[in-house]
Amino acid sequence: MACMSVLTRDEAQNRAQLIDVHRYTIALDLTAGDETFDSRTLIGFTARADADTFVEIKPAELRSVTLDGQPLDPALLDDGRLPLRNLTAGGHELLVDARMRYSRTGEGMHRFTDPADGETYVYTQLFLDDVQRVFAAFDQPDLKAVFELTVTAPEHWTVLANGVTEHTGGGVWKAAPTPPVSTYLVAVAAGPWHSVRTEHRGLPFGLHCRRSLAPYLEADTEELLDITRACFDRYHEKFDEPYPFDSYDQAFVPEFNAGAMENPGLVTFRDEFVYRSAVTDTERQTRAMVIAHEMAHMWFGDLVTLRWWDDIWLNESFAEYMGYQTLNEVTPASPGGQPPRWRGASTWTDFGVSRKAWGYDADQRPSTHPVAPEHVEDTASALLNFDGISYAKGASALRQLVAWLGEKDFLAGINTHFERYRFGNAGLAEFIDSLASATERDVHAWADAWLRTTGVDTLTPEIRTGDHGAWTLTVRNTGGPGSTEGGRRPHRIAVGVYDRDLHDPGRLVLRERADADVPADGIVSLDTGGTRPALVVLNDGDLSYAKIRFDPDSLTTLRTHLSGLPDPLTRAVVWNALRDAVRDGELPAGDYLDIARAHLPHETDVALAQGVLAFASGEAADHYLTPDRRPAALATLTDLCRDLIRRTEDGDHPGLRLVAVRHCIDAAARPETIAAWLAEGTVPGGPELDPELRWRILARLAVLGAVDESAIAGELRRDPSATGQEGAARCRAALPDPDAKARAWEAMFGSDDLSAYLFTATAQGFWQPEQAELVRPYVARYFKDAVALAARRGPAIATAAGRWAFPAHAVDAETLELGEKALRRTDPVPALRRQFTDRLDDLARALRVQQA
């Protein structure tokens with residue numbers, strides 16, 4: 001049974017006023033068996049007054065506890081809390097000896113055995129309050145302390161930690177003491193790692209992965225180290241405070257729930273970033289951005305840490321902004337003089353396509369919240385706020401802040417903040433004060449407008465034409481779709497004015513790009529010149545966070561000339577606007593597909609092609625069109641992808657070709673073509689099928705009923721890796737067979753054996769629009785079984801169950817009613833309740849769009 005105790009904000013504030021924590025001395029023994037490990041923790045702390053408090057731990061067995069040498073009764077432990085009663089003012093030492101459970105869900109100390117070679121690896125993920133699964137702690141971010149770790153591991157293992165580790169013999173590893181850090185940032189990773197070590201600026205740098213991934217890490221070692229060094233150097237140019245830790249290791253670990261985690265000195269990444277199969281340059285750029293994001297956390301989050309979880313944006317929004325901006329600034333060249341493959345023309349194009357829509361979607365759901373909420377009640381509530389608002393909207397707000405404030409003053413305020421609070425804690429008020437010290441602008445008012453409000457403004461152009469073709473432009477700031485009310489916040493934007501190219505009728509040329517300050521609750525009129533243009537694009541350059549609309553003539557131009565826009569970032573703004581219009585019921589989903597069909601075959605930016613195809617297939621075709629129109633939509637997508645494949649036959653655009661091949665597989669309505677690709681081991685003209693493409697084809701053939709269990713088992717023998725296991729689980733769940741569906745459902749909801757990754761893969765295969773009648777009986781079962789599963793297995797599985805196992809294909813009033821009843825009549829754990837709320841809102845939106 002998952003332990004569901006949570007720490008409240010009031011409890012944390014009270015404890016922080018009562019005690020100061022100085023040092024943790026921790027000994028972990030990873031040789032105690034496959035199910036548990038031993039944990040022994042000595043905590044040195046001071047009580048400021050006579051009082052009671054508590055320490056957190058979630059053990060398999062609490063063996064002994066002593067406070068200042070006097071034993072405490074382990075039976076006093078209640079729901080993860082051990083009371084410390086009758087503390088006297090002064091210094092204390094608490095010694096806790098426990099047996100702890102390994103995790104299979106990526107929470108606490110995760111244990112993984114690699115099916116490729118049988119080797120075992122363990123690593124910690126202690127965020128947000130999972131340190132209690134590994135050792136006893138006063139677990140809140142503002143009780144920073146020095147951590148000294150000793151780890152006993154099998155002789156052939158290597159142990160990594162926040163500081164430099166030394167093998168002292170007998171499988172015992174000792175880590176250098178950390179500076180004062182928060183409990184959730186402590187990290188250990190142990191196993192027979194394949195490691196690449198180097199130095200930069202006198203600091204040890206390292207890359208680490210499973211042995212079975214060693215050839216793939218070696219192939220990308222120079223690229224990964226180039227990114228790391230370039231970002232490290234750029235941050236030292238931006239920040240006055242030097243890198244604050246003694247080493248910088250990056251470990252690519254298996255079955256990691258997040259993209260990465262910013263543990264100081266030991267960043268952990270999901271090891272899908274060690275590429276076994278072909279990827280696009282945009283995907284390499286995404287990996288580079290994650291590296292830059294996590295390195296930014298060494299300052300934002302690790303050096304200066306939030307006081308409580310209502311300021312998670314101070315961690316994530318800043319790292320998100322700095323990751324994209326810094327990657328956009330570093331320009332190392334390869335020996336041939338060309339930028340490396342991970343350095344795209346503009347990382348902000350990728351942000352606009354792949355991340356910003358995440359923020360827009362989250363901000364229009366009932367679960368939306370301010371970037372900087374005023375009061376987050378407890379840790380369970382805080383965990384829900386690691387979403388598109390805290391990342392994408394927050395980063396967008398900071399990009400707008402820099403546009404308004406100027407980068408010089410922005411960086412000056414940041415450096416003041418680091419100086420004031422290094423190795424300490426700070427919240428929104430302290431940060432805004434630091435910014436205010438560097439500028440005459442009213443950043444407090446800016447923060448109220450941008451960080452304390454919810455929702456997305458909509459910017460709408462109104463164009464009037466006068467005598468002799470003269471025109472005037474007014475920009476109106478409103479709330480949601482169709483609203484005549486004012487917006488929530490002011491916007492500094494650029495307005496792009498475009499004409500048709502007289503020499504190339506298919507192209508558009510920029511006449512001018514004018515800056516405009518659009519007030520909240522208001523309108524602004526812009527001076528214009530010349531005759532009426534063919535196209536007006538608000539927020540050209542994507543510097544603000546707002547939905548935009550087009551005047552009727554501009555929309556007509558886009559239907560025929562979208563691909564003629566010269567700047568990928570402008571095209572990203574346009575495609576996002578069209579996406580928003582579909583979701584708001586203002587542009588038919590079929591029209592979006594027609595526009596994509598007309599213009600995407602001419603696209604040159606891989607990020608845009610990926611983003612548009614993902615929305616066209618995963619949302620427009622699967623959710624916003626009625627089921628009877630889906631076959632025609634898939635045919636349109638197939639034709640579009642075939643055009644892209646034909647256009648890239650010369651080999652000049654391998655990324656675009658790979659994107660097109662992937663989506664051609666996913667849209668296949670008949671098995672013959674992709675089955676032939678699988679049999680031949682290649683797409684005609686390339687690429688050859690690597691493991692990712694082979695499993696992708698097999699999954700689609702499974703949906704279409706064109707393979708059976710023997711084919712899946714044969715492919716698993718060919719690729720017995722961890723990703724092969726996931727591919728097989730996905731394919732088996734996708735088979736259009738009642739027994740296969742029953743087995744998959746039992747694996748997900750009837751037992752607790754699946755890791756989070758295998759659960760997700762099974763869920764991804766289970767629901768298929770082509771199999772709606774076959775799986776209809778499971779729709780009602782889902783809302784009952786998911787609630788029970790989440791209560792048993794905790795937040796990670798609850799989130800996976802809500803995100804991946806939800807019957808999103810069932811866009812109908814019956815599914816909506818079933819889900820709403822489940823919310824009213826059951827009591828889902830917070831993580832599942834949030835997922836239910838979001839998925840049901842998405843379903844209701846899709847139903848409205850279908851009925852429009």
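Which strands and which helix make a left-handed β-α-β unit here? They are β16, helix α2 (residues 214-238) and β17. Keep in mind that this is a predicted model. Below is a quick tour of its strands, one helix, the salt bridges and the aromatic contacts, starting with the surroundings of β17.

**Around β17**

- Strand β17 covers residues 248-253, and six of its six residues are buried, so the rest of the structure largely encloses it.
- Tyr248, Gln250 and Phe252 point one way from the strand, while Asp249, Ala251 and Val253 point the other way. Both sets are buried, and the cut-off behind that word is a relative accessible area under 20%.
- One pairing partner is β16 (residues 203-209), which runs parallel to β17 over four bridges. In that pairing, histidine 208 sits opposite alanine 251 of β17.
- β17 also pairs with β19 (residues 266-270), again in the parallel sense, this time over five bridges. Valine 253 has arginine 270 of β19 as its bridge partner.

**The four-strand sheet**

- There's an open sheet with mixed pairing, and its four strands come in the order β26-β23-β22-β28.
- Its edges are β26 (523-526) and β28 (547-548); each has a single partner strand, so one side of each has no neighbour in the sheet.
- β23 (residues 471-478) and β26 are antiparallel to each other and share four bridges. Look for leucine 473 across from leucine 526 of β26.
- The two faces of β26 are easy to tell apart: Val524 and Leu526 make up the covered one, Ile523 and Ser525 the uncovered one.
- As background, the strands of a sheet pair through backbone hydrogen bonds, in either a parallel or an antiparallel way.

**Helix α1 and a ring with arginines**

- Helix α1 spans residues 9-18, and its buried residues are Arg9, Ala12, Arg15, Ala16 and Leu18.
- Among the elements covering those buried residues are β1 (19-29), β2 (36-47) and β3 (51-56).
- Arginine 15 also lies over the face of phenylalanine 54, at 4.5 Å from the ring centre.
- Phenylalanine 54 has another arginine over its ring: the charged end of arginine 81 sits 4.4 Å from the centre.

**Salt bridges**

- The whole structure has 68 salt bridges.
- One of them joins arginine 355 and glutamate 320, with the closest N and O atoms 2.7 Å apart. This pair links distant parts of the chain, 35 residues apart: arginine 355 belongs to helix α5 (residues 347-363) and glutamate 320 to helix α4 (residues 312-329).
- Glutamate 320 has a relative accessible area of 1%, so it counts as buried.
- Arginine 532 and aspartate 553 make a salt bridge through their side chains, at 3.2 Å from N to O. Arginine 532 is in the loop between β26 and β27 (535-537), and aspartate 553 is in helix α11 (residues 552-561), so the bridge ties together parts 21 residues apart in sequence.
- Both ends of that bridge are partly exposed: arginine 532 has a relative accessible area of 25%, and aspartate 553 comes in at 39%.
- Arginine 571 and glutamate 603 form a salt bridge too, with the closest N and O atoms 2.7 Å apart. This link also spans distant parts of the chain, 32 residues apart, from arginine 571 in helix α12 (residues 568-583) to glutamate 603 in the loop between α13 (589-599) and α14 (606-624).
- Arginine 571 and glutamate 603 are both buried.
- Through shared partners, salt bridges join Arg234, Glu237, Lys238, Glu329 and Glu407 into one network.

**Aromatic pairs**

- The count of aromatic pairs is 54.
- One to pull up is tyrosine 324 with phenylalanine 351: their ring centres are 5.0 Å apart and their planes meet at 70°, so this is an edge-to-face pair.
- Tyrosine 324 is in helix α4 and phenylalanine 351 in helix α5, so the pair ties together parts 27 residues apart in sequence.
- Tyrosine 324 and phenylalanine 351 are both buried.

Note on methods: Residues numbered from 1 in each chain as written. Predicted model: local features only at pLDDT ≥ 70, side-chain atom pairs only at ≥ 80, totals over all residues. Heavy atoms only, no water. Pairing = 2+ DSSP bridges. Buried < 20%, exposed > 50% of the residue type's maximum accessible area, 1.4 Å probe, protein only. Right-handed = clockwise from strand over helix to strand, strands pointing away. Contact = heavy atoms within 4.5 Å. Salt bridge = Lys/Arg side-chain N within 4 Å of Asp/Glu carboxyl O. Phe/Tyr/Trp six-rings, centres within 6.5 Å; stacked < 30°, edge-to-face > 60°. Lys NZ or Arg CZ within 6 Å of the ring centre and 35° of its normal.
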